[in-house]
Amino acid sequence: MNGTKERSILFSPLKVGTAEIPNRFVRSATHEFLAGKDGRMTERHRDLYRALAEGGVGLIITGHAYVNRAGIASPGQTAADDDRLIELFRPVPEAVHGTPSKIFLQIAHAGRQTKERLTGGVPLAPSAVPDPVSKVTPREMTEGEIHGLVRDFIQAARRAAAAGFDGVQIHAAHGYLLSGFLSPHTNRRTDAWGGSTENRARVVVEILAGIRAELGRKFPVIMKINASDFLPSGLEPEEAIAVARRLEPLGLDGVEVSGGMAEAGRGSVWPGLRTEDEEGYFVGDAVRFKAALKIPVFGLGGIRTFRVMERFVQEGRVDFISLSRPLVREPDLVRRFRLGQAERSACLSCNKCFNPRGLSCGDLRKRPSP
Ligand SMILES: Cc1cc2nc3c(=O)[nH]c(=O)nc-3n(C[C@H](O)[C@H](O)[C@H](O)COP(=O)(O)O)c2cc1C
């Protein structure tokens, strides 16, 4: 082993808005499949997030929490749609706050990437563009419903703040509803919410402005956004960067660059092991955001090796390294990096962590217990 990595740039702090993040490691949002009745967080969430914080990751972003019932994506998902949830959230940030780590709630709406049996109605989208994967033909949202959506995101952020979360991440990636508004492929509207880049970005602009009006400038708000949908008529980096540039002066505190839509047959969670040169499959896009913005940029996509992470930050390509699957397998990976006990994640990117019975490493589940 190579000894302590304490002095690496990866262990230097950086602010996201007003939140001091003790190092450059981020747990990227990861659906937990652990919610109880009505989407409430449980002791299993508390234990998961305590373990991640004790494992040293500087910023934890929770799995996506739906802002209203029509926006649920899958069973076991956390809700952020009711004030009664605030008390039930509270133990989670409390468990993290015994450590230097910070925790943001990811707030989301699934749009058309869901099922009617979950939402209790025809799934909603900016336009009625059928989804060949979910086999859903969504219903076009009315203007009134769009205003309601904006309010629901603002209220979800207010609940996160009241519960003690250190910030929120607005999920505007992966073909979910806000990503659907940004994408020219799924947004065919001809009113103020579709057409030009400005119009397609209106919903995220109103959400951010509304959160700022409700919570002030100090509460950290970041966004996860697709650089590319991987669809011929989808969102492309140049436009996605223009959206981020529009949001920056309105008080966006950071941007995590992702990509893909279910419909494209190429999502955000690419399976399989890659060489060191291929790690960071969305970092190339993130670099372009970094060049255009002053706020911190989070890079992700199959990043597994410490020296690759260090190079990404050292060379100024990104400010933070976001990891999802590696921290399912080894919640204490960052601590082990720091102590020189690991050089790379043992994650196989097999994607068997998508476990409806609760987030867990499929490769470890397969092994007989000692
Ligand atoms: C089990 C699982 C659940 C996920 N849930 C979410 C989620 O709730 N919100 C989100 O934005 N991304 C989600 N992702 C995507 C990750 O945040 C991340 O962008 C992606 O897995 C690539 O990073 P990785 O190679 O380090 O895993 C999920 C990924 C996995 C494996």
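This passage describes the fold of one chain and the surroundings of its ligand. The structure is a predicted model.

The overall shape of the chain comes first. The chain has 370 residues and a radius of gyration of 19 Å. A compact globule with that number of residues would have a radius of gyration near 21 Å, so the chain agrees with a compact globule. Along its principal axes, the C-alpha trace spans about 60 × 45 × 40 Å. The secondary structure comprises 13 helices and 13 strands. Of the 370 residues, 52% are buried. Contacts also reach along the sequence. Among contacts with a separation of 6 or more, 72% join residues 24 or more positions apart.

The ligand is surrounded by 23 residues. S28, A29, H64, S324 and R325 come nearest. Two elements, β4 (59-66) and α11 (325-329), each give two or more residues to this shell. By type, the shell divides into 9 nonpolar, 12 polar and 2 charged residues.

Helix α1 covers residues 43-54, which is 12 residues. From its first C-alpha to its last it reaches 16 Å, close to the 16 Å expected at 1.5 Å a residue. Its buried residues are H45, L48, Y49, L52 and A53. Seen down the axis of α1, these residues fall within an arc of 130°, so they line one face of the helix. The cover over that face includes β3 (25-27), β4, α3 (91-96), β6 (102-108) and α11. Both β4 and α11 thus appear in two settings: they give residues to the shell around the ligand, and they help to cover the buried residues of α1. After α1 comes G56, whose phi is positive, near 100°.

Helix α8 (237-247) shows a similar arrangement of its buried residues. A240, I241, V243, A244 and L247 are buried in α8. Down the helix axis they fall within an arc of 155°, so they too line one face. Elements covering them include α6 (177-182), α7 (197-215), β10, β11 and α9.

Helix α9 runs over residues 283-292. V283, D285, A286, F289 and K290 are its buried residues. They cover an arc of only 150° around the axis, which puts them on the same side of α9. Among the elements that cover them are β10 (221-228), α8, β11 (254-259), β12 (297-299) and α10 (306-314). The packing of α8 and α9 is mutual. Helix α9 helps to cover the buried residues of α8, and α8 helps to cover those of α9. Strands β10 and β11 are listed in the cover of α8 and also in that of α9.

Strand β13 (residues 320-323) holds I321. This residue is buried, because 20 or more other C-beta atoms within 10 Å make a residue buried, and I321 has 26. Leaving aside residues up to four places away in sequence, I321 touches R24, F25, V26, G299, I303, M309, F312 and V313. Some of these partners lie in elements already named: F25 and V26 belong to β3 (25-27), G299 to β12 (297-299), and M309, F312 and V313 to α10 (306-314). The C-alpha atoms of I321 and Q77 are separated by 25 Å, and the two residues are 244 residues apart along the chain.

Several loop residues complete the picture. F33 is found in the loop between β3 and α1. Its phi is near 55°, a positive value in a residue other than glycine. F33 is buried, with 20 other C-beta atoms within 10 Å. N351 also has a positive phi, about 65°, although it is not a glycine. It is found in the loop between α12 (333-338) and α13 (362-366). With 13 C-beta neighbours inside 10 Å, N351 counts as partly exposed. E278 sits in the loop between β11 and α9. E278 is partly exposed, with 13 other C-beta atoms within 10 Å. Its C-alpha atom is separated by 29 Å from that of Q113, and the two residues are 165 residues apart along the chain.

Key:
Residues are numbered from 1 along each chain as its sequence is written. This is a predicted model: local features need pLDDT of at least 70, side-chain atom pairs count only at pLDDT 80 or more; totals for chains, interfaces and linings use all residues. A residue is near a molecule or strand if its C-beta atom, placed from the backbone, lies within 6 Å of it. Helices (H or I, at least four residues) and strands (E, at least two) are DSSP runs, numbered from the N terminus. Ala, Val, Leu, Ile, Met, Phe, Trp, Tyr, Cys and Pro count as nonpolar, Asp, Glu, Lys and Arg as charged, and the others, Gly among them, as polar. The radius of gyration is taken over C-alpha atoms; the globule rule is 2.2 Å times the number of residues to the power 0.38. A residue is buried if 20 or more other C-beta atoms lie within 10 Å of its own, exposed if 12 or fewer, and partly exposed in between; C-beta atoms are placed from the backbone. Two residues are in contact if their C-beta atoms, placed from the backbone, lie within 7 Å. The arc is that of the directions from the helix axis to the C-beta atoms. The expected span of a helix is 1.5 Å times one less than its number of residues.
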